[in-house]
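Subject: Structure handover

Hello,

Here is the structure I said I would pass on. My notes on it follow below.

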Amino acid sequence: MRVSNHPLFTVREVPSEAEIVSHQLMLRAGLIRRLTSGIYTWMPLGLRVLRRVEQIVREEMDRAGALELLMPAVQPAELWQETGRWDQYGPLLLRINDRHQRSFCFGPTHEEVITDIARRELKSYRQLPVNFYQIQTKFRDEIRPRFGVMRAREFVMKDAYSFDLDDVSHDASYARMREAYTRIFTRLGLAFRVVEADSGEIGGQQSEEFHVIADSGEDAIAWCEADGFAANIETARTLPPTTPRPPPGSERAEVHTPEVRTIDALAAFLGVAPERCVKTLLVDGSDGRPVALVIRGDHELNAVKAAKLDAIADPLRMCDADTVRAHVGCAPGSIGPLDLDVPVIVDHAAAHVADFVCGANRDDYHLTGCNWGRDLPEPQSADLRNIVAGDPSPRGGGTVRIDRGIEVGHIFQLGRKYSEAMGATVLDEDGRSRPITMGCYGIGVSRIVAAAIEQNHDARGIIWPGPLAPFDVIVVALGAERSERVAGEADRIHDALQAAGLQVLLDDRALRPGVKLADAELIGIPWRIVVGERGLKEGVVELQHRRETEATRVAPEEVIALVAQRVRDDVEPID
């Protein structure tokens, strides 16, 4: 492929709307162009990357025994109403009406559609297990689309659904998909981690996420090398302290704290460490009455964990200022756990603090020297907070570290949530009707492209892992418009590499060398061969990998075999 036939749409300036590196580089390299908020056109170079991701995903899904189909993007409301998700899914669901005013949605996911297929087509246990998958465009009406294709409203996703007669068979199907995902991300050349996760709107009994490790990742991942623990901090458990709580060492006192509303301000005002303070938050309870949640001042409330408690409304909702004042008599910044007329649940770590500082339940006042068991009843404690670096691993094998990750895959054990709601049953070998056991397996195909860039870039541009690159090699002809020798040798190398089965781009533009070399680095093709008049006079061309800082001088007759072997080494499928 020649640039004269495959134009590059590169730009030099960093687009003002791009907040993170992948968004900046995808726009600068001409991979995507914005149509409207959260919706992008994939330009030819970007589409080549997207297709390479799809190819690897398809190969591994087929290898795992899954069968590809293609379901409609537009789904009737009736299916979603059967499972209750038409109302539960909320504003993320793009709802549309046809000319007859019948309600539909543009699918964000396809559990209802695939379950409808199963109840129509699967009648006997002899048809199980079976796994169907598709690669398709989805739409979720994000309230704040950002970061380019990382959190777009329209995106490309691979979703698969397994169907089994029972839990034992389902466990085997789930394990095959987990292994397939591991192979996919290994083949893509990405550093990733598999972590325990919350099932969210999809639901089900258990789920795991696949995260590409990147400093810019939206998610925090807790992991422990010593015992293999890894989980999204949304679900990572914290353990109660194993040592006794210190005894009281001071008397309780009330302190005037004018305009002090935050833990940081309180700690600075009183000259105490934030971990010596506790903060009390009023949230909606499941019975309509408020519930007080108490955590240590240096910790953050975990909304997912809190919402799973029976006493708390799901999703978690903070009480507004009027509700707080009606039940406590002060503004939210002055709430404390003492003498509250609402249920109080205390995080394990907060329940272990002695002589703590808390709100006095009247504006502009706090209490110092408070102690559980003396000034307040012994607390009902629960796991309410985010795990932090240095906490004990929930598995007991060491302490945890925190990394940032970009979620690119999520696998779920759905159980019989959808099959029971929609009547998807088969007859077992005894002729009894049984609901099918299901699993769900998603990969963010378009998000992988952005995640790969977040993990693989430098100041000059993208550095594609070989299996993801739009081309394997770029041949840069310097001064070809002035030299028949350069033009002829560049053409020969291009044609020979293509004949060897490589994807090759020849930059045959009549531009300055600096522009052509800068574009080659920006778009990030792994291997670059520079053909110039000076080098040919010396009997060499320059070969350089995108990660290398120096080029290697190679005889033109040797470069074909050398590059072909190195590309094969870089993209060879794993056994």
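I started with an open sheet of five strands, in the order β27-β26-β28-β29-β30 and with mixed pairing. Its edge strands are β27, residues 504-507, and β30, residues 552-554, each of which pairs on one side only. On average, neighbouring strands of the sheet are turned by 25 degrees against each other, direction ignored. Please keep in mind that this is a predicted model.

Inside the sheet, β26 (residues 473-477) and β28 (residues 527-531) run parallel and are joined by five bridges. One residue pair to look up is I474 and its bridge partner in β28, R528. As background, strands of a sheet pair through backbone hydrogen bonds, either parallel or antiparallel.

A helix also belongs in this picture. Helix α15, residues 556-571, packs on the sheet and touches β26, β28, β29 (541-545) and β30. The direction of α15 makes about 15 degrees with that of β29.

Next, the chain as a whole. The chain holds 15 helices and 30 strands. Its C-alpha trace spans about 90 × 70 × 50 Å along the principal axes. Of its 575 residues, 52% count as buried. Taking the contacts between residues at least 6 apart in sequence, 70% join residues at least 24 apart. The accessible surface of the chain comes to about 25300 Å², and 49% of that belongs to carbon and sulfur atoms. As for charge, there are 68 positive and 88 negative side chains, and the centres of the two sets lie 4 Å apart.

Two local points remain.

The first is helix α11, residues 445-455, which is mostly covered: 10 of its 11 residues are buried. The buried residues of α11 are V445, S446, R447, I448, V449, A450, A451, A452, I453 and E454. That list includes the charged residues R447 and E454. In general, an α-helix has 3.6 residues a turn, so residues three or four places apart point the same way.

The second is H6, which is found in the segment before α1 (21-28). Is H6 buried or exposed? H6 has a relative accessible area of 7%, and buried means under 20%, so H6 is buried. Not counting residues up to four places away in sequence, H6 touches M1, P44, L45, R48, F471 and L505. Of these contacts, L505 lies within the 504-507 range of edge strand β27, which leads back to the sheet described at the start.

Regards

Technical notes:
Residues numbered from 1 in each chain as written. Predicted model: local features only at pLDDT ≥ 70, side-chain atom pairs only at ≥ 80, totals over all residues. Heavy atoms only, no water. Pairing = 2+ DSSP bridges. Helix = DSSP H or I, 4+ residues; strand = E, 2+ residues; numbered from the N terminus. Axes fitted to C-alpha atoms, helices over the stretch in contact; angles between N-to-C directions. Contact = heavy atoms within 4.5 Å. Buried < 20%, exposed > 50% of the residue type's maximum accessible area, 1.4 Å probe, protein only. Areas by Shrake-Rupley, 256 points an atom, 1.4 Å probe, with all protein chains shown as cover. Charge placed at Lys NZ, Arg CZ, Asp CG, Glu CD.
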